[in-house]
Amino acid sequence: MQAKIGILTVSDRAHRGIYEDRGGPAIRAYMDDVLTNPWRPVALVVPDELEQIKRALLQLVDDEGCSLVVTTGGTGPAPRDITPEATEAVCEKMLPGFGELMRQVSLRFVPTAILSRQTAGIRGHALIINLPGKPSAIRDCLDAVMPAVPYCIDLVDGAYLTTDESRIKAFRPKGK
Amino acid sequence: MQAKIGILTVSDRAHRGIYEDRGGPAIRAYMDDVLTNPWRPVALVVPDELEQIKRALLQLVDDEGCSLVVTTGGTGPAPRDITPEATEAVCEKMLPGFGELMRQVSLRFVPTAILSRQTAGIRGHALIINLPGKPSAIRDCLDAVMPAVPYCIDLVDGAYLTTDESRIKAFRPKGK
Amino acid sequence: MQAKIGILTVSDRAHRGIYEDRGGPAIRAYMDDVLTNPWRPVALVVPDELEQIKRALLQLVDDEGCSLVVTTGGTGPAPRDITPEATEAVCEKMLPGFGELMRQVSLRFVPTAILSRQTAGIRGHALIINLPGKPSAIRDCLDAVMPAVPYCIDLVDGAYLTTDESRIKAFRPKGK
């Protein structure tokens with residue numbers, strides 16, 4: 001069975017087409033590089049509007065049946081940055097460890113990593129992860145959390161993901 | 001005066017008796033090993049049900065007068081994992097630093113440590129701490145936070161705990 | 001244009017005058033030492049009362065137009081410690097990365113750093129940061145987060161802060 005992975009770009013400028021979406025393609029390239037199971041991307045671009053982000057997340061999880069949804073953009077302190085709020089609004093459980101680890105890793109590169117409010121949570125059979133907008137930061141953040149992603153999705157009865165172990169060694173506890 | 005310490009095992013299977021509770025005894029053994037003041041455990045086992053976990057926490061803090069309550073189990077992302085929500089529901093104040101440090105320590109052993117939603121908080125004169133279900137993780141997490149536990153309980157007028165300094169060096173600021 | 005920086009001491013004893021406020025002056029000395037742009041402090045002292053802390057924060061941000069408000073005191077687990085709750089009540093966005101990093105840095109000095117509930121958030125054009133009450137901890141915490149503060153305030157259209165780079169190297173992404 002093919003896993004579906006939602007890729008949600010949140011950006012006023014990308015949505016209006018006055019700015020090329022680089023975050024969404026960076027997430028797709030990362031997954032192409034790392035995942036070894038059959039999978040299919042479902043990509044959407046929305047502006048920084050709470051209701052539109054929420055609607056896109058619901059569509060990706062509830063209608064499309066994505067097991068993993070990765071967002072890019074809208075995680076900072078600026079007035080239009082609202083992706084974490086939209087994520088929290090649609091999730092049943094939040095996973096604060098994702099944001100903690102991603103900020104910690106990003107701190108090795110820039111002190112402004114503490115400004116990111118990125119988080120992660122569970123809705124139904126899906127894990128939703130917020131990433132920053134910058135393509136290089138996307139790779140650093142995914143490298144940090146990806147080893148825990150397949151088992152997390154197992155726990156919520158989503159698709160069974162496998163990874164190229166030379167890139168990412170996914171961890172599943174023995175006997176599970 | 002004898003301190004009371006609540007030990008709450010949250011597990012559907014342990015509650016139904018189809019699985020031996022290993023988390024509760026691991027917490028008790030840890031406290032036996034580390035605490036040097038007179039103390040008495042009050043142990044309960046409940047299923048992964050929000051209302052039953054909340055009721056058990058209230059019983060341990062309000063009725064039994066425990067100064068410290070340590071839970072084990074129910075901190076993950078699975079649908080039945082609901083211990084952190086029950087903890088937050090009965091606490092007046094949350095202490096995010098406990099969860100942050102415990103996840104950070106657990107990350108040295110498994111990348112899936114970021115999936116744990118374990119937290120800690122204050123209710124009345126008691127500190128409530130969530131631990132994972134696995135006995136080895138219980139020891140690692142308690143080793144990390146225990147140096148701060150006696151002073152925390154002092155600050156909420158709970159029992160005065162002392163520790164075997166060869167195991168855990170509890171910190172109390174000078175002049176307090 | 002002169003930046004305004006609010007310095008809010010939260011302490012029952014300092015407010016009643018039975019204890020000299022050392023936290024407020026420590027924040028002011030720090031800013032004198034580090035900031036190179038023209039700025040003016042607006043200092044207030046309030047007791048550990050939710051409504052009075054909230055009112056002081058609103059006054060500093062909405063009436064005085066401070067771009068940065070730094071609080072000291074009231075971040076622990078004791079019953080009267082209520083500064084983070086007041087901060088969250090007036091903020092539109094919380095920035096969990098500040099509390100995470102400040103606790104992590106403080107952990108190098110004392111294991112009880114995990115008891116601090118200090119946080120940060122955005123209200124209007126201002127960044128509000130909670131610091132502990134102890135002057136030495138104030139310096140350690142500000143050293144940790146200060147490199148991210150000027151850019152954060154840029155993002156919410158507050159005053160343009162500059163720092164003495166021999167003390168704090170503020171980071172602004174290129175092209176912003």
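## Exercises on salt bridges and a chain interface

**Exercise 1.** Asp12(A) has a relative accessibility of 15%; decide whether Asp12(A) counts as buried or exposed, and then work out which parts of chain A its salt bridge with Arg80(A) ties together.

*Solution.* At 15% relative accessibility, Asp12(A) counts as buried, because the cut-off for that class is under 20% relative accessible area. The model used throughout these exercises is a predicted one. In the next step we turn to the partner: Arg80(A), with a relative accessible area of 39%, is partly exposed. The closest N and O atoms of Asp12(A) and Arg80(A) are 2.9 Å apart, which satisfies the limit of 4 Å for a salt bridge. Asp12(A) belongs to helix α1 (residues 12-16) of chain A, whereas Arg80(A) sits in the loop between β3 (68-72) and α4 (83-90), so the pair ties together parts that are 68 residues apart in sequence.

**Exercise 2.** For the salt bridges Asp33(B) with Arg139(B) and Glu51(B) with Lys54(B), find where the partners lie in chain B.

*Solution.* Begin with Asp33(B) and Arg139(B), whose side chains meet at 3.6 Å, N to O. This pair links distant parts of the chain, since Asp33(B) is in helix α2 (residues 23-34) and Arg139(B) is in helix α6 (residues 135-145), 106 residues apart. Asp33(B) is partly exposed at 35% relative accessibility, and Arg139(B) is likewise partly exposed, at 34%. Continue with Glu51(B) and Lys54(B), which meet at 3.5 Å, N to O. Both of these residues lie in helix α3 (residues 50-63) of chain B, three residues apart, which is about one turn of the helix. Glu51(B) is partly exposed with a relative accessible area of 46%, and Lys54(B) is partly exposed with 21%.

**Exercise 3.** Describe the interface of chain C and chain A, stating how many salt bridges cross it and which element of chain C supplies the largest share of its side.

*Solution.* The contact is made by 18 residues from chain C and 16 residues from chain A, and the two chains bury about 1,500 Å² between them, 72% of it on carbon and sulfur atoms. One salt bridge is found across this interface, namely that of Arg103(A) with Glu100(C), in which the closest N and O atoms are 2.7 Å apart. On the side of chain C that touches chain A, β4 (93-94), α5 (96-106) and α7 (149-155) each supply at least two residues, and the largest share, six residues, comes from α5(C). Sorted by class, this side of chain C has 14 nonpolar, two polar and two charged residues.

Conventions. Residues numbered from 1 in each chain as written. Chains lettered and ligands numbered in written order. Predicted model: local features only at pLDDT ≥ 70, side-chain atom pairs only at ≥ 80, totals over all residues. Heavy atoms only, no water. Contact = heavy atoms within 4.5 Å. Buried area = accessible area lost by both parts, 1.4 Å probe. Helix = DSSP H or I, 4+ residues; strand = E, 2+ residues; numbered from the N terminus. Nonpolar A, V, L, I, M, F, W, Y, C, P; charged D, E, K, R; others polar. Buried < 20%, exposed > 50% of the residue type's maximum accessible area, 1.4 Å probe, protein only.
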